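Please open the model in your viewer and keep the selection panel at hand. The tour below goes from one selection to the next and says what is to be found at each.

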Amino acid sequence: MQPIPSRSTKALALALSCAFSGAAYSATTISLQPDERSSKDVFIYEFDVPGVFRIPTSTRTTNLDSETLDRLSPPPTRPFGDFLASANTDPLIGPRGEQRAHDARSLIQFDLSFLNLTAAQVAGASLNVYALPGLPAFANPTATVPVVTELRQVIQPWSETLVTWANRPLVSAALTQASQTGVDQWVAFDVTGLVRDWLSDRTVNYGVELSQPHVTLLGGRPIGSLYASSAFDDPTLRPFLSISAVPEPQTYALMFAGLGLVGWAARRHARAPKQDGAR
């Protein structure tokens, strides 16, 4: 049996090295950006005044999801289902003793059940929402007066069409936050740890809540954040979850085992007696 020529051994080592390292180190980006029908997102609003926005009942007993608003007659002047919101205001007491706080929080949940991924494969993940210009009652954040929004894990089930401010689900302490410095821009939250947890135990994925921890004023008005929802008319601006995935750890073991085998073959060839070329 002829030994492997030195050039062939080196070429094989290089080929295996490139093949394995390419597979091991390249990451794939997975983006989940569902539409209204296949999504679960809504914002809940604390404003205990019946008739506001032509909603006949107190907004504590409904929510501003598009499916809910479709039932209203006449419909609201603005399709509130096309955006999400996050706002924190100082509460005011109305003439009937009602609390007139314009507080809003958003709930967003992504279905990960169909993903063929493990927690170990997640190199990074981010939740991305597109900031829209605010409503007249609110000021928009700026580079000099930004607004901070916190992300919390939802730890109870909730219904997109039934959740309200009064029955909103329990949430964790703030896990991360993002600073918004304007409108017509993306706002990203790092959810790497959350996505890993959800993939490790897929029964605990109830999504996240976006809320503002403080009242931030600009020109005497509170700053509020509006985000495009899954029902927004431009599908490219809807919320999306981005996951950077890498191969399983076994791929690294296979790579090193393959390179070790090539190295052993090269050493064995170096120790083999020289063949007489005249034969």
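The stops run from the whole chain through a helix and the cores to the cavities, a pocket and a loop.

This is a predicted model, in which local features need pLDDT of at least 70 and side-chain atom pairs count only at pLDDT 80 or more, while totals for chains, interfaces and linings use all residues. Residues are numbered from 1 along each chain as its sequence is written, and side-chain values use heavy atoms, with hydrogens and water left out.

**The whole chain**

Begin with a cartoon of the chain, whose secondary structure comes to four helices and 13 strands; helices (H or I, at least four residues) and strands (E, at least two) are DSSP runs, numbered from the N terminus. Of the 279 residues, 43% count as buried, where buried means under 20% relative accessible area, exposed over 50%, and partly exposed in between, with a 1.4 Å probe and protein chains only. Among the contacts in the chain with a separation of 6 or more, 79% are accounted for by residues 24 or more positions apart; contact means heavy atoms within 4.5 Å.

**Helix 3**

Select residues 192-200, which form helix 3, and show the side chains of Thr-192, Leu-194, Val-195, Trp-198 and Leu-199, which are buried. These residues lie on the same side of helix 3 because they cover an arc of only 165° around the axis, the arc being that of the directions from the helix axis to the C-beta atoms. Next add what covers them, which includes strand 5 (122-132), strand 6 (147-154), strand 7 (171-180), strand 8 (185-190), strand 9 (208-211) and strand 13 (240-245).

**The nonpolar cores**

In soluble globular proteins, nonpolar side chains tend to be buried together. A nonpolar core is here a set of buried Ala, Val, Leu, Ile, Met, Phe, Trp, Tyr and Cys residues joined through side-chain atoms within 4.5 Å. The largest such core has 27 residues, and those with the most contacts inside it are Leu-112, Leu-127 and Val-195. Strand 5, strand 8, helix 3, strand 9 and strand 13 each supply at least two residues of this core, and the largest share, five residues, comes from strand 5. Apart from this core lies another, of 14 residues, among them Ala-85, Leu-132, Leu-226 and Phe-232.

Now centre the view on Val-195, which touches Leu-112, Val-122, Ala-125, Leu-241 and Ile-243, not counting residues up to four places away in sequence. From there move to Ile-243, which is in strand 13 and counts as buried at 0% relative accessibility. Leaving aside neighbours within four places in sequence, Ile-243 is in contact with Thr-28, Thr-29, Ile-30, Leu-115, Leu-117, Val-122, Gly-124, Ala-125 and Val-195. A distance label between the C-alpha atoms of Ile-243 and Ala-27, 216 residues apart along the chain, should read 9.7 Å.

**The cavities**

On a 1 Å grid over the protein atoms alone, a cavity is a set of points where a 1.4 Å probe fits but cannot get out, and a pocket is an open set with protein on both sides within 12 Å along at least five of seven lines; lining residues have an atom within 4 Å of a point. Grid points are joined across faces, edges and corners, and a volume is the space filled by probe spheres set on the points.

The structure holds three cavities of 30 Å³ or more. The largest has a volume of about 60 Å³, and to see its lining select Ile-108, Gln-109, Phe-110, Leu-127, Leu-151, Val-191, Trp-198, Gly-207, Val-208 and Leu-241. This lining divides into eight nonpolar, two polar and no charged residues, where Ala, Val, Leu, Ile, Met, Phe, Trp, Tyr, Cys and Pro count as nonpolar, Asp, Glu, Lys and Arg as charged, and the others, Gly among them, as polar.

For the second largest cavity, of about 50 Å³, select Pro-34, Ser-39, Lys-40, Asp-41, Ile-108, Gln-109, Phe-110, Ser-230 and Pro-239. The elements that give two or more residues to this lining are strand 2 (40-46) and strand 4 (103-109), and by class the lining has four nonpolar, three polar and two charged residues.

**The largest pocket**

Which residues lie nearest the centre of the largest pocket? They are Phe-110, Asp-111, Leu-112, Ser-113 and Phe-114, out of 16 that line it. This pocket has a volume of about 270 Å³, and its lining divides into seven nonpolar, six polar and three charged residues.

**The loop between strand 7 and strand 8**

Finish at Gly-182, in the loop between strand 7 and strand 8, which counts as buried at 9% relative accessibility and touches Ala-131 and Pro-141, not counting residues up to four places away in sequence. Asp-184, also placed in the loop between strand 7 and strand 8, is partly exposed, with a relative accessible area of 47%. Phi of Asp-184 is near 55°, a positive value in a residue other than glycine.
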